[in-house]
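Please look through the structure below, starting with its aromatic side chains and then turning to its interior space.

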Amino acid sequence: MTRFRAVVLDADNTLAGIEGVDLLAALRGPALAAEVAALTDRAMRGDVPLEEVYGRRLALIRPTAAEVGRLAERYIATAAPGARDAVARLRQEGVDVHVVSGGVRQALLPFAAWLGLAPERVHAVTLNFDAAGEYAGFDAGSPLTRADGKPALVAALALPPPVLAVGDGMTDLAIRGAGATFAAFTGFTHRAPVVAAADHVIESFDGLLALVCP
């Protein structure tokens with residue numbers, strides 16, 4: 001018997017040890033990389049609403065389709081130790097596993113497939129590209145571009161309770177608003193406000209399995 005019937009996993013700095021948008025920004029040089037990383041960190045700490053920085057970061061970077069494809073490879077290369085096995089174990093135990101991320105859907109789909117998750121279990125933001133593969137905007141209607149978007153999306157999924165949300169940022173903590181229990185993941189980064197407000201703190205996917213499958 002598992003303690004939770006559904007698990008919602010963040011991607012960046014949880015399932016993998018990168019912040020995807022920051023990695024894309026690094027392709028544009030150190031100055032832009034530093035600017036985007038600062039914006040990302042402020043949003044994840046809850047200092048500014050995500051919607052204030054989401055489109056701004058992408059407009060600065062203007063990632064190409066080819067660069068997003070390479071980002072997918074980086075997710076797999078930096079996967080958290082034990083993440084793939086943990087996802088497989090959770091699914092074997094009948095746990096409903098979903099990835100809910102403000103990251104780029106096109107980059108996360110191959111990563112999720114590597115983890116053993118079908119596309120319909122991946123909830124992220126779609127980028128648009130023109131015929132030449134140049135950046136042409138993003139799905140501004142996605143709730144995942146807003147600070148309150150993750151709880152809204154998780155509520156709409158109507159997952160079987162009890163639900164456990166796992167992540168490193170304030171947008172993940174906000175999923176408690178959808179009735180979920182929240183576990184702060186500190187395997188890659190430690191954000192004090194998130195950890196202080198969490199119901200549980202785990203630093204590895206072995207810790208996740210211990211929490212869900214006691």
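Trp114 counts as partly exposed in this predicted model, because its relative accessibility of 27% falls between the 20% limit for buried and the 50% limit for exposed. Phe111, at 2% relative accessibility, counts as buried, and Tyr75 is buried as well, with a relative accessible area of 1%.

These three residues, Tyr75, Phe111 and Trp114, are linked by ring pairs into a cluster. A pair of aromatic rings is described by the distance of the centres and the angle of the planes. Five aromatic pairs are found in the whole structure. In one of them, the ring centres of Tyr75 and Phe111 are 5.5 Å apart and the planes stand at 15°, so this pair is stacked. Because Tyr75 belongs to helix H4 (residues 65-77) and Phe111 to helix H6 (residues 105-115), the pair ties together parts 36 residues apart in sequence. The rings of Phe111 and Trp114 are also stacked, because their planes lie at 20° with the centres 6.1 Å apart. Phe111 and Trp114 are three residues apart in helix H6, so about one helical turn separates them.

Another ring has a charge for a partner: the charged end of Arg57 sits over the ring of Tyr54, 5.3 Å from its centre.

Arg57 also appears at the cavity. There is one cavity of 30 Å³ or more, with a volume of about 270 Å³. Its lining has 21 residues, and Asp12, Glu19, Arg57, Gly102 and Gly103 lie nearest its centre. Helix H1 (20-26), helix H3 (50-61), strand S2 (96-104) and helix H8 (170-173) each give two or more residues to this lining. By type, the lining residues are nine nonpolar, five polar and seven charged.

How values were computed. Residues numbered from 1 in each chain as written. Predicted model: local features only at pLDDT ≥ 70, side-chain atom pairs only at ≥ 80, totals over all residues. Heavy atoms only, no water. 1 Å grid on protein atoms, 1.4 Å probe; cavity = no way out; pocket = protein on both sides within 12 Å on 5 of 7 lines; lining within 4 Å. Points joined across faces, edges and corners; volume = space filled by probe spheres on them. Helix = DSSP H or I, 4+ residues; strand = E, 2+ residues; numbered from the N terminus. Nonpolar A, V, L, I, M, F, W, Y, C, P; charged D, E, K, R; others polar. Phe/Tyr/Trp six-rings, centres within 6.5 Å; stacked < 30°, edge-to-face > 60°. Buried < 20%, exposed > 50% of the residue type's maximum accessible area, 1.4 Å probe, protein only. Lys NZ or Arg CZ within 6 Å of the ring centre and 35° of its normal.
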